[in-house]
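Let's take a walk through a protein fold together, one piece at a time. Have the structure open beside you and turn it as you read.

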Amino acid sequence: MKMIREHHLRDLHWLRLPPASFHGCLLLALCIGTALCACGADDHGLALTPPMGWNSWNHFRLNISDAVVRKQAGAMVKSGMKAAGYEYVVIDGGWEGYHDAQGLFRPNKLKFPDMKALCDYIHSLGLKVGLHTTPGPVTCSGREGSYGYEEEDARTFARWGIDLVKYDWCSGDTVYKPAEITAAYEKMHQALLRAGRPILYSLCEYGLEDVWKWGASVGGHMWRTTDDISDEYWNVAYIGFEQNGLEKYAGPGHWNDPDMLEIGNGGMTDEEYRTQMSLWCILAAPLFAGNDLENMSGATLGILTNPEVLSIDQDPAGIQGHRVWQEGPREVWMKPLKDGSKAVGLFNRLEYPLMITANWRELGLPAPATVRDLWARKGLGTFATGFTGSVPAHGAVLIRVK
Ligand code: GLA
């Protein structure tokens, strides 16, 4: 898989600090840490199914505050998103202040006057809290990061009541060599373990160094496999359909993350948003809504909360699906489910409708087989050799077959 990262931090090379001895120490610390604690990705039993929640970045960017986050958390409950399974409220970049003289990470006090009180409020709604930081000295937006403060920051996050840390590479390459990326992520893993609170560890480094091969070994419960998503069909399709082949690296406790949902952000049609949801569910991807939960249409809410569609993503077997057949813009993907049935997605990548056939033999399904349309939530009957559906432009048909 080709990874492209247009880094917006090229001007930060003056931050390339540490002498070679530092890297040696880091490696030694990593070895000792790993020997002392053979904790895998499943420590604390977190993320047994793909994590679900909301993240501030896709819609709000840096325009976040205590008030914005409280309102989004409230809307997550009121809208029915919480009841549908969305749990984490993730505060992405934009909350940071500075490390004080004692090395304590302070939020931007004008926007986030009391992080612990905010966490307490979110917890009182029965939700969990996530926070963004970086192994580098500065975040992707030029705010302070956790470099050199990993232990203190992990303790601070635990004290505030943070339940998820999104650890975003950003300026990591100004202080670490490419081969040190694993050690940089392991360092925060060990710090989080020592902080003593079950914290879901979300790795974000855009797929560098084939993170899917080692993400679980540094305690990652999920890891980004790609560069940032955008609210455009071509980008969602590029990222989503590129995930084929990574399925063997995912499973309960450790998931490939093709980035957050754009559903409801306005750049795509509802059909295109249904495609993102259908594909992300087949991929057993973490589902982080990225829209404004206070102001969403009925269609957006319907796409985000369809229980039969979400049950594909959240299937307890935790098997990531893969592409079974492709001919030009027609694709058929399949995800095996715990009860022996299979979720099948018919995807049309063209700008006009197409007929697409899922063939039972190619899918390893018995013939005849019964079909349920998951978006329509209705049984379609029994089919002898396969199922042919009319798939809208850039759209998807999602069925459950047994
Ligand atoms: C990176 C990440 C995004 C988001 C931004 C915040 O680009 O990939 O998901 O966290 O940083 O600056």
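Start with a single pair of residues: valine 371 stands opposite valine 401, which belongs to strand β18. Keep in mind as you look that this is a predicted model. The two strands to find here are β15 (residues 369-373) and β18 (residues 396-401), which pair in the antiparallel sense over three bridges.

Now zoom out to the sheet around them. Six strands make up this open sheet, in the order β11-β12-β13-β18-β15-β16, and their pairing is antiparallel. At the edges stand β11 and β16 (378-383); each has a single partner strand, so one side of each is left without a neighbour in the sheet. On average, neighbouring strands here are turned by 25° against each other, direction ignored.

Helices come next. Helix α8 packs on this sheet, where it touches β11, β12 and β13, and its direction makes about 50° with that of β12. Is α8 enclosed or open to the outside? Seven of the nine residues of α8 (residues 233-241) are buried, so this helix is largely enclosed by the rest of the structure. Among the buried ones are Tyr233, Val236 and Phe241. The buried residues of α8 pack against α9 as well as against β11 (322-327), β12 (330-336) and β13 (342-348).

That brings us to α9, which lies across β12, β13 and β18 and runs at about 140° to β13. Helix α9 (residues 270-282) also has a helix for company: its axis and that of α10 (residues 298-305) come within 10 Å and cross at roughly 15°. That angle makes α9 roughly parallel to α10. Which residues meet there? From α9 come Asp270, Tyr273, Arg274 and Met277, and from α10 come Ala299, Ile303 and Leu304. Sorted by character, the residues of this contact are five nonpolar, no polar and two charged.

Finally, look for another sheet. This open sheet has eight strands in the order β9-β8-β7-β6-β5-β2-β1-β10, with parallel pairing. Its edges are β9 (255-257) and β10 (287-289), each with a single partner strand, so one side of each is left without a neighbour in the sheet. Within it, β7 (residues 200-204) and β8 (residues 222-224) pair in the parallel sense over two bridges, and leucine 203 has tryptophan 223 in β8 as its bridge partner. Helix α5 (residues 115-124) lies across β2 (88-91) and β5 (128-133), running at about 140° to β5.

Key. Residues numbered from 1 in each chain as written. Predicted model: local features only at pLDDT ≥ 70, side-chain atom pairs only at ≥ 80, totals over all residues. Heavy atoms only, no water. Axes fitted to C-alpha atoms, helices over the stretch in contact; angles between N-to-C directions. Helix = DSSP H or I, 4+ residues; strand = E, 2+ residues; numbered from the N terminus. Parallel < 35°, antiparallel > 145°, perpendicular 65-115°, else oblique. Contact = heavy atoms within 4.5 Å. Nonpolar A, V, L, I, M, F, W, Y, C, P; charged D, E, K, R; others polar. Pairing = 2+ DSSP bridges. Buried < 20%, exposed > 50% of the residue type's maximum accessible area, 1.4 Å probe, protein only.
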